[in-house]
Amino acid sequence: MSKKSIFEERYEKGNTPWELDRPDSHLVGIIKQERIKPAKALDSGCGSGWNSIWMAEKGFDVTGVDFSKRAIEKATELSTREGVRARFRVKDFLDPTIIADDFAFVFDRGCFHSFDDPADREMFAKNVGRHLKPSGIWLSILGNSDAAPR
């Protein structure tokens, strides 16, 4: 079973322990602490959209991408329910042309560290570089407290 199929099935069944049902506290803290101004933002591996929606509420122009169609459906439903405007697209972040746009802020909570293959990690970083403006900020929250360190 492919990684995409596994995630699709988990979103369908609601077996998504990585979903917090709130924005990530690290994202909130860093944006406030570093006084990151609202800008065009990309949320890679956005899942059900909590971080994208929080950023949109704070004035960011957000596009959330995830390779799970069901995750994007959930993000779109949540955005509508919360009355927040954020764009969501089904895209694989390892695809070299994620979206034809440049972003001042790229956020990743749990996408980069899900790749075990060094070539996949390299492609992820290249894609961030392709979509990040020269003076932009890339913030990744990495790790998993349930897994052994590697």
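## A parallel sheet, two cores and a pocket

Strands E1 (residues 40-44) and E2 (residues 61-66) are joined by five bridges and pair in the parallel sense. They belong to an open sheet of five strands, ordered E3-E2-E1-E4-E5, with parallel pairing. Please keep in mind that this is a predicted model. Here is a quick tour, starting with the sheet and moving on to the cores and a pocket.

**The sheet**

- Strand E3 (87-90) and strand E5 (132-141) stand at the edges with a single partner strand each, so one side of each has no neighbour in the sheet.
- On average, neighbouring strands of this sheet are turned by 20° against each other, direction ignored.
- As a general reminder, the strands of a sheet pair through backbone hydrogen bonds, in either a parallel or an antiparallel way.

**Pairings to look up**

- Between E1 and E2, you can find Ser 44 opposite Val 65 of E2.
- E1 and E4 run parallel and are joined by four bridges; here Leu 42 stands opposite Val 106 in E4.
- E4 and E5 also run parallel, with six bridges joining them, and Phe 103 has Leu 132 in E5 as its bridge partner.
- Strand E4 (residues 103-109) is mostly covered, as five of its seven residues are buried.

**The nonpolar cores**

- In soluble globular proteins, nonpolar side chains tend to be buried together.
- The largest nonpolar core in this model holds 22 residues, and those with the most contacts inside it are Leu 27, Ile 31, Met 55, Phe 60 and Phe 105.
- Two or more residues of this core come from each of helix H2 (25-33), helix H3 (50-57), helix H4 (69-82), E4 and E5.
- The most generous of these is H3, which gives four residues to the core.
- Ile 31 is a good place to start exploring: leaving aside neighbours within four places in sequence, Ile 31 is in contact with Ile 36, Trp 54, Met 55, Phe 60 and Phe 105.
- A second core, separate from the one above, has 11 residues, including Val 65, Phe 93, Cys 111 and Val 128.
- Val 65 therefore links two topics here: Val 65 is part of the second core and stands opposite Ser 44.

**The second largest pocket**

- The volume of the second largest pocket is about 170 Å³.
- Its lining is made up of Tyr 11, Thr 16, Glu 19, Asp 21, Ser 48, Trp 50, Lys 74, Glu 77, Leu 78 and Arg 81.
- H4 supplies the largest share of this lining, with four residues.

How values were computed. Residues are numbered from 1 along each chain as its sequence is written. This is a predicted model: local features need pLDDT of at least 70, side-chain atom pairs count only at pLDDT 80 or more; totals for chains, interfaces and linings use all residues. Side-chain values use heavy atoms; hydrogens and water are left out. Two strands pair if DSSP finds at least two bridges between them. Axes are lines fitted to C-alpha atoms, for helices over the stretch in contact, and angles run from 0 to 180 degrees between N-to-C directions. Buried means under 20% relative accessible area, exposed over 50%, partly exposed in between (1.4 Å probe, protein chains only). A nonpolar core is a set of buried Ala, Val, Leu, Ile, Met, Phe, Trp, Tyr and Cys residues joined through side-chain atoms within 4.5 Å. Contact means heavy atoms within 4.5 Å. On a 1 Å grid over the protein atoms alone, a cavity is a set of points where a 1.4 Å probe fits but cannot get out, and a pocket is an open set with protein on both sides within 12 Å along at least five of seven lines; lining residues have an atom within 4 Å of a point. Grid points are joined across faces, edges and corners, and a volume is the space filled by probe spheres set on the points.
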